[in-house]
Every structure is written in C-alpha cells, then in structure tokens.
Amino acid sequence: MTLIDSNIIIYAAKPEYPRLRQFIIENVPAVSAVSYVEVLGYHRLTDDERRYFEAFFTFASVLPISDAVLLEAVRIRRQRKMPLGDALVAGTALVHGLTLVMRNTKDFDGVDGLSLLNPFLAGNRDLLG
C-alpha cells in the first residue's frame with residue numbers, strides 16, 4: 001500500500017496523467033491528514049476541483065495524525081531540518097509501513113526507513129501516461 005502526497009494528488013487530477021490516476025486506483029491509496037488539509041484547504045480551488053478532490057478523499061483512506069505519527073515526526077525533525085507538514089507526512093508513512101509516493105523525494109533524503117517512489121523519475125515514467 002502507498003501513501004500519496006499532496007503533489008501527486010494534484011498531478012493526478014490533470015488530464016495529461018491518466019496512468020498516474022490508474023496507479024492510484026490500483027494501489028488503493030492512503031493519504032495523510034496533512035494532505036487532506038493542504039489540498040482541500042487551497043484557497044484558489046474552483047468548485048469543480050473541490051468536488052473532484054472531495055470525491056478522491058472519500059475513496060482514499062485518510063490517516064490521522066496519531067500519537068505515534070507525532071513521535072515519528074519529532075524524531076525526524078531532530079535528525080534533520082524539515083518542514084512540519086513534511087515531517088508529519090513522513091511520520092505517517094513510517095508508522096503505517098507505507099511507501100510515500102511524491103515528486104520531491106530529495107526533501108526526504110536521509111529519513112531512516114522511509115520508502116519513497118517518485119513517478120516522475122525516468123525509470124517510473126510509465127506511471128504517468
């Protein structure tokens with residue numbers, strides 16, 4: 001199972017990425033509560049985009065920010081400088097044993113035990129369509 005980051009959710013909504021949408025459907029994704037807030041809380045969403053993302057979040061499993069996630073995020077931030085939201089997303093992936101699917105994997109280099117997948121890298125482009 002995978003944890004889909006906010007940027008992948010947004011890319012998958014674009015018509016030019018049908019295989020990315022198919023990848024998400026086939027992998028029954030989970031998302032962090034942080035991504036839920038980031039995506040639906042964006043102040044410039046159109047009504048159509050809002051409806052699309054709301055439908056996505058009814059399909060995906062939204063994982064809460066539990067005490068275990070908080071402890072992982074603290075551990076990560078003690079090891080390296082990282083924005084709070086990223087640390088919470090990484091902590092969520094680690095606690096649940098999920099591969100984090102995202103574009104900006106460099107931001108997570110050095111996080112022990114974190115499995116990452118960037119569908120935009122050359123070897124993974126078949127996921128994009």
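## How two helices meet

How are α5 and α6 oriented to each other? In this predicted model, the axes of helix α5 (residues 67-79) and helix α6 (residues 84-96) come within 8 Å and cross at roughly 120°. That angle lies outside the 65 to 115 range for roughly perpendicular and is not over 145, the mark for roughly antiparallel, so α5 and α6 are oblique to each other. Their crossing is right-handed.

Which residues make the contact? From α5 come Ala68, Val69, Leu70, Glu72, Ala73, Arg75, Ile76 and Arg77. From α6 come Leu84, Ala87, Leu88, Ala90, Gly91, Thr92, Leu94 and Val95. By character, the residues of this contact divide into eleven nonpolar, two polar and three charged.

## Aromatic rings around Phe120

Let us turn to the rings. A pair of aromatic rings is described by the distance of the centres and the angle of the planes. The count for this model comes to six aromatic pairs.

One of them joins tyrosine 11 and phenylalanine 120, with 4.7 Å centre to centre and 55° between the planes, a tilted arrangement. Tyrosine 11 sits in helix α1 (residues 6-12), while phenylalanine 120 belongs to the segment after β5 (116-117), so this pair ties together parts that are 109 residues apart in sequence.

Phenylalanine 120 is buried, with a relative accessible area of 7%. It also pairs with tyrosine 17, and here the geometry is edge-to-face: 5.7 Å centre to centre and 75° between the planes. Tyrosine 17 lies in the loop between α1 and α2 (18-26), and phenylalanine 120 in the segment after β5, so the pair links parts 103 residues apart in sequence. Tyrosine 17 is buried, as is phenylalanine 120. Put together, Tyr11, Tyr17 and Phe120 form one aromatic cluster.

## Serine 32 and its surroundings

Where is serine 32 placed? You will find serine 32 in strand β2 (residues 30-32). Is serine 32 buried or exposed? Its relative accessibility is 1%, and the limit for buried is under 20%, so serine 32 counts as buried.

What does serine 32 touch, leaving aside its neighbours within four places in sequence? The contacts of serine 32 are then Leu3, Val62, Leu63, Val89 and Thr92. Thr92 has already appeared above, among the residues that α6 brings to its contact with α5.

Definitions and conventions. Residues are numbered from 1 along each chain as its sequence is written. This is a predicted model: local features need pLDDT of at least 70, side-chain atom pairs count only at pLDDT 80 or more; totals for chains, interfaces and linings use all residues. Side-chain values use heavy atoms; hydrogens and water are left out. Axes are lines fitted to C-alpha atoms, for helices over the stretch in contact, and angles run from 0 to 180 degrees between N-to-C directions. Helices (H or I, at least four residues) and strands (E, at least two) are DSSP runs, numbered from the N terminus. Angles under 35 degrees count as roughly parallel, over 145 as roughly antiparallel, 65 to 115 as roughly perpendicular and the rest as oblique. A crossing is left-handed if the near helix is turned anticlockwise from the far one by less than a right angle, and right-handed if clockwise. Contact means heavy atoms within 4.5 Å. Ala, Val, Leu, Ile, Met, Phe, Trp, Tyr, Cys and Pro count as nonpolar, Asp, Glu, Lys and Arg as charged, and the others, Gly among them, as polar. Rings of Phe, Tyr and Trp (its six-membered ring) pair if their centres lie within 6.5 Å; planes under 30 degrees apart count as stacked, over 60 as edge-to-face and the rest as tilted. Buried means under 20% relative accessible area, exposed over 50%, partly exposed in between (1.4 Å probe, protein chains only).
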